[in-house]
Amino acid sequence: MIEPSAEEYSVESTQPLTIEQAIANLRSSDLSLRYYAAWWLGRFRVSSTESVDALIAALEDEADRTELGGYPLRRNAARALGKIGNERVVPALIKCLECSDFYVREAAAQSLEMLRDPNAATPLMQLLEGGVAAAIQVPGRPHLTQPYEAVLEALGAIGATEAIPLIQPFIEHPVPRVQCAANRAMYQLAKDPQYGERLVKVLDNSNLQLRRVALGDLGAIGYVAAADAIANATVENSFKLIALKGLLESQLNDEESKALSLSDDAIRVINLMDSLL
């Protein structure tokens, strides 16, 4: 089942909201208003105590259910809490990793990646139990047993080096996107260029969507050795620019690059970005 967008779910999407209205709508009996309010509070990163409390409460909602048992409001609330960036929501998001709804677990993992709280490492690792053998397609559903991509990426972002033995086998998972997520995490945790080069090879894949995924992963890990490959990839320039921006930000944030002058790598990335504009 394809989840409707916030705009499709509510006619209220065309009408401006205030923060007070959005919070009130999140507690409304109208499910469409609640769904859109959760999205809105995350979109505008409303970090007030009242907003965060209302979104945390929405993570336990039982009213908004799909025919297949999903929890649309919980999904939106989990995504919103990651965007808001308040660390006190971590326990509530960790609890969401136990939800029966795959997409709630996925949204929670993605938000925990944004928050990068080490306390989330162990609960995320638990979703990798059973390894590759357990990471199979759910019969009749368009997804695997767990949101492996989101979990692997979260563990990499958190810096959970203790998860390396669990993550490494997923490099050989039969689903290419899961392979990419595993290589992304392994590069972040082990700092071994072989994992970055595995992502670079994906840029030659015949599948455009997979090439886009690899670009995003390379930008996220700041693998500057891939700069030229990114610039020459057969993908839209907008995707290449986003990936190169990730490389540049990584260079500028590097502890060894705090000097007033730009590094040679940073200058090279800037020049590549200019060539694509």
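**View 1. Arginine 45 in the loop between α3 and α4.** In this predicted model, arginine 45 sits in the loop that runs between α3 (31–43) and α4. Its backbone is worth a look: phi of arginine 45 is near 50°, a positive value in a residue other than glycine. The relative accessible area of arginine 45 comes to 49%, so this residue counts as partly exposed.

**View 2. Arginine 116, another loop residue with a positive phi.** Here we're in the loop between α7 and α8 (121–126), which is where arginine 116 lies. Phi of arginine 116 is near 55°, and again the residue is not a glycine.

**View 3. Aspartate 61 and the contacts around it.** Aspartate 61 belongs to the loop between α4 (49–58) and α5 (72–84). Is this aspartate buried or exposed? Aspartate 61 has a relative accessible area of just 8%, and because anything under 20% counts as buried, buried it is. Its side chain makes a polar contact of 3.0 Å with the side chain of arginine 34. There's also the backbone nitrogen of aspartate 64, which lies 2.9 Å from a polar atom of the aspartate 61 side chain. Setting aside neighbours within four places in sequence, aspartate 61 is in contact with Arg34, Tyr71, Leu73 and Arg74.

**View 4. Arginine 88 meets aspartate 53.** Move on to the loop between α5 and α6 (90–96) and you'll find arginine 88. This arginine is partly exposed, at 39% relative accessible area. What does its side chain pair up with? The side chain of aspartate 53, through a polar contact of 2.7 Å. Apart from neighbours within four places in sequence, arginine 88 is in contact with Thr49, Val52, Asp53 and Ile56. For a sense of scale, the C-alpha atoms of arginine 88 and glutamate 62 are 23 Å apart, with the two positions 26 residues apart in sequence numbering.

**View 5. Helix α5 packed with helix α7.** The axes of α5 and α7 (residues 102–115) are 8 Å apart, at an angle of about 5°. That angle is under 35 degrees, so α5 and α7 count as roughly parallel. From α5, the contact uses Arg74, Arg75, Ala78, Arg79, Gly82 and Lys83. From α7 come Tyr103, Val104, Ala107, Ala108, Ser111, Met114 and Leu115. Sorted by class, the residues of this contact are seven nonpolar, four charged and two polar.

**View 6. Helix α12 alongside helix α14.** Here is another pair: the axes of α12 (residues 176–190) and α14 (residues 208–221) come within 10 Å and cross at roughly 10°. These two helices are therefore roughly parallel to each other as well. On the α12 side, the contact is made by Pro176, Arg177, Cys180, Ala181, Arg184, Tyr187 and Gln188. On the α14 side, look for Gln209, Leu210, Val213, Gly216, Asp217, Ala220 and Ile221. Eight of the contact residues are nonpolar, three are polar and three are charged.

**View 7. Isoleucine 167 in the largest nonpolar core.** This core has 92 residues, and the ones that touch the most other members are Leu124, Leu155 and Ile167. Which helix gives the most to the core? That would be α12, with eight residues. Up close, isoleucine 167 touches Leu128, Leu152, Leu155, Ala182, Ala185, Met186 and Leu189, not counting residues up to four places away in sequence. In soluble globular proteins, nonpolar side chains do tend to be buried together.

Terms used:
Residues numbered from 1 in each chain as written. Predicted model: local features only at pLDDT ≥ 70, side-chain atom pairs only at ≥ 80, totals over all residues. Heavy atoms only, no water. Helix = DSSP H or I, 4+ residues; strand = E, 2+ residues; numbered from the N terminus. Buried < 20%, exposed > 50% of the residue type's maximum accessible area, 1.4 Å probe, protein only. Polar contact = N/O pair within 3.5 Å; in protein donor to acceptor, adjacent residues only side chain to side chain. Contact = heavy atoms within 4.5 Å. Axes fitted to C-alpha atoms, helices over the stretch in contact; angles between N-to-C directions. Parallel < 35°, antiparallel > 145°, perpendicular 65-115°, else oblique. Nonpolar A, V, L, I, M, F, W, Y, C, P; charged D, E, K, R; others polar. Core = buried A, V, L, I, M, F, W, Y, C linked by side-chain atoms within 4.5 Å.
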